[in-house]
Amino acid sequence: MSFVDYEDKGAYGVITINNPKQLNALNSQVLDDLNAALDQINVDTVRCVIVTGSGEKAFVAGADITEMKDLDQAGGTAFGKKGNDIFRRIETFPIPFIAAVNGFALGGGNELSLACDFRIASENAVFGQPEAGLGITPGFGGTQRLARAVGPGYAKQMIYTARNIKAPEALRIGLVNAVVPQEELMPLAEKLAGQIAGNAPIAVRQCKKAINEGLELNMDDAVALEEKLFGECFATADQKEGMTAFVEKRKEKHFTNK
Ligand code: CO8
């Protein structure tokens, strides 16, 4: 039995963390299953992946505290690396990931959402990094990605105080892009995935690479990276198709991922 479901819907895929008894908490097995779900994604056909949690209460309520409780230093370091390796795999995956946050996104749950390209949330979503109250630091990338997502001030406040924030505050600080009623969350995620899937796949991949890698560079190197990725698009059939469609005033575009 797997704690993570993967559904291939054609143009997009849906990963659902499915450990509802523990509010989808991430234990070693769930992390292994998440990694295995990533293996199932056919990057030749799927254009975008939605990550969500099962049920209406939790996205992911964090790493499994019962599993971490008795770890020693080496065990804690290894557990952190396990999560970090998988979340980095998501962050650098060639196609975009959307986190559809349907409830609690705490600790490792918030960090999972931060490894995705962007986040949308249901009205009942709650975000937080409770680690300092548990005697640890965030360990699945939270100190790094939260600061990059909302700036160091809000990230430090959330991490030092270990105080959870509700969806409207998450929207206000830019942690999420939209907040909608629970029943509208997956339809919105699917609509966004469909919009992404309607664009030239290689161009979207190049955009993800340019933004993610460029943010780590100084501006001279960052624009040089963009120039390279931009130039490479002109070697694709989809660039010819996209621009020909515009010139011909044709709405239908036939992108072939080539
Ligand atoms: N780990 C293990 N079990 C959990 C977790 C968790 N993170 N979250 C919830 N559960 C379990 C509860 O223990 C409970 O189990 P049981 O029914 O057997 O008692 C079940 O899920 C349902 O939860 P509650 O009864 O507590 O539900 P409530 O509605 O009362 O409360 C909360 C919901 C507020 C979400 C509450 O469950 C809670 O505070 N959970 C813990 C949240 C948290 O602190 N998360 C951060 C964990 S630390 C972390 O994520 C670090 C990441 C980096 C790791 C690096 C490794 C070195």
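**Exercise 1. The shell around the ligand**

Task: In this predicted model, how do the residues of the shell around the ligand divide into nonpolar, polar and charged?

Solution.
- Step 1. Sorting the residues of the shell gives 12 nonpolar, seven polar and five charged.
- Step 2. In total, 24 residues surround the ligand. A residue belongs here if one of its heavy atoms lies within 4 Å of the ligand.
- Step 3. The closest residues are Lys 57, Ala 61, Ala 63, Ile 65 and Gly 108.

**Exercise 2. Backbone contacts to the ligand**

Task: Which ligand atoms lie opposite backbone atoms of Ala 61, Ile 65 and Gly 108?

Solution.
- Step 1. For Ala 61, a polar backbone atom is 3.0 Å from a nitrogen atom of the ligand.
- Step 2. For Ile 65, a nitrogen atom of the ligand lies 2.9 Å from a backbone N or O atom.
- Step 3. For Gly 108, the partner is an oxygen atom of the ligand, 2.8 Å from a backbone N or O atom.
- Step 4. On its own the ligand has 1,100 Å² of accessible area, and the protein covers 63% of this.
- Step 5. Two or more residues of the shell come from each of helix H2 (65-68), helix H3 (73-91), E6, H4 and helix H5 (131-134). H3 gives the largest share, three residues.

**Exercise 3. The sheet of four strands**

Task: In what order do the four strands of the open sheet run, and which helix packs on the sheet, touching E4, E6 and strand E8?

Solution.
- Step 1. The order is E4-E6-E8-E9, with mixed pairing.
- Step 2. Strand E4 (58-60) and strand E9 (165-166) are the edge strands, each pairing on one side only.
- Step 3. E4 pairs with strand E6 (residues 104-106) in the parallel sense, over two bridges. Within this pair, Ala 58 stands opposite Phe 104 in E6.
- Step 4. The helix is H4 (residues 108-115), which touches E4, E6 and strand E8 (126-128). The direction of H4 makes about 75° with that of E4.

**Exercise 4. The sheet of six strands**

Task: Which strands form the edges of the open sheet of six strands, and how do E1 and E2 run, parallel or antiparallel?

Solution.
- Step 1. The strand order is E1-E2-E3-E5-E7-E10, and the pairing is mixed.
- Step 2. The edges are strand E1 (4-8) and strand E10 (179-180), each of which pairs on one side only.
- Step 3. E1 and E2 run antiparallel and are joined by five bridges. Tyr 6 has Ile 15 in E2 as its bridge partner.
- Step 4. Three residues separate E1 from E2 in a hairpin, and Gly 10 in the turn has a positive phi of about 95°.
- Step 5. Strand E5 (residues 97-101) and strand E7 (residues 118-122) pair in the parallel sense over four bridges. Here the bridge partner of Ala 99 is Arg 119 in E7.
- Step 6. Helix H9 (residues 182-197) lies across strand E2 (12-17), strand E3 (48-53), E5, E7 and E10. H9 runs at about 155° to E7.

Key:
Residues numbered from 1 in each chain as written. Predicted model: local features only at pLDDT ≥ 70, side-chain atom pairs only at ≥ 80, totals over all residues. Heavy atoms only, no water. Pairing = 2+ DSSP bridges. Contact = heavy atoms within 4.5 Å. Axes fitted to C-alpha atoms, helices over the stretch in contact; angles between N-to-C directions. Polar contact = N/O pair within 3.5 Å; in protein donor to acceptor, adjacent residues only side chain to side chain. Areas by Shrake-Rupley, 256 points an atom, 1.4 Å probe, with all protein chains shown as cover. Nonpolar A, V, L, I, M, F, W, Y, C, P; charged D, E, K, R; others polar.
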